[in-house]
Amino acid sequence: FLMLVIWLSGRLFRSLKLPPVLGEILAGVLVGPAVLGIVQDNDIIRILAELGVFFLMLHTGIDTNSKEFFRHAKLALPVAVFTIIPLATASFFLVHSFLGFELLPSLFMAFVVPLNSIPVIISLLKGYDINKTRIGHTALGATVANELILFVGISGLIAVAQMGEFS
């Protein structure tokens, strides 16, 4: 049932010239515990979700021309950096200055908000059949660089927090 609903939602969104992944995500929210409660979060759903992401990433790796991917990497890194900086800065000032969060949670939000979702980006690129184009390689490269940069930042922030530097 769940697979059929999600698949049909993706097809419906594709026919409306919208990203299928958007329909799939909305279908998950609709049938999930937050709205209709038809499907509950449990170990089986979590395993299926992990397997889905795993196979999407595996397929992308197999399907990606590594020469083209790395050829566009020199453009992807600046794209990643220049998308992170304004989002991280705005996130930090919003939660710190306007919402009154302490320094550590504000820094954490500055690293979390700019995060992309590699599986969602891959799905969008494939859905529009641009995953093998220059913009597709650049977008995927920027997404990977974005996540690597931010994961390193989050890891460093957590390490500092665990040492008690922000207590």
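Ala, Val, Leu, Ile, Met, Phe, Trp, Tyr, Cys and Pro count here as nonpolar, Asp, Glu, Lys and Arg as charged, and the others, Gly among them, as polar. The model is predicted: local features need pLDDT of at least 70, side-chain atom pairs count only at pLDDT 80 or more, and totals for chains, interfaces and linings use all residues. Residues are numbered from 1 along each chain as its sequence is written, and side-chain values use heavy atoms, with hydrogens and water left out.

A pocket is an open set of points on a 1 Å grid over the protein atoms alone, where a 1.4 Å probe fits, with protein on both sides within 12 Å along at least five of seven lines; lining residues have an atom within 4 Å of a point. A volume is the space filled by probe spheres set on the points. Helices are DSSP runs (H or I, at least four residues), numbered from the N terminus.

| Pocket | Volume | Nonpolar lining residues | Polar | Charged |
|---|---|---|---|---|
| Largest | about 1,100 Å³ | 17 | eight | five |
| Second largest | about 160 Å³ | six | four | no charged |

Of the 30 residues lining the largest pocket, Ile6, Glu24, Ile25, Ala49 and Gly52 are the closest to its centre. Helix 1 gives the most to this lining, seven residues.

In the second largest pocket, the lining includes Met57, Phe69, Ile118, Leu140 and Val144. Helix 3 contributes the largest share, three residues.

Threonine 143 is in helix 8 (residues 134–162). This threonine counts as buried (under 20% relative accessible area, 1.4 Å probe, protein chains only) because its relative accessibility is 4%. Beyond neighbours within four places in sequence, threonine 143 is in contact (heavy atoms within 4.5 Å) with Asn116, Ser117, Ile118 and Ile121.

How values were computed. Helix = DSSP H or I, 4+ residues; strand = E, 2+ residues; numbered from the N terminus. Buried < 20%, exposed > 50% of the residue type's maximum accessible area, 1.4 Å probe, protein only.
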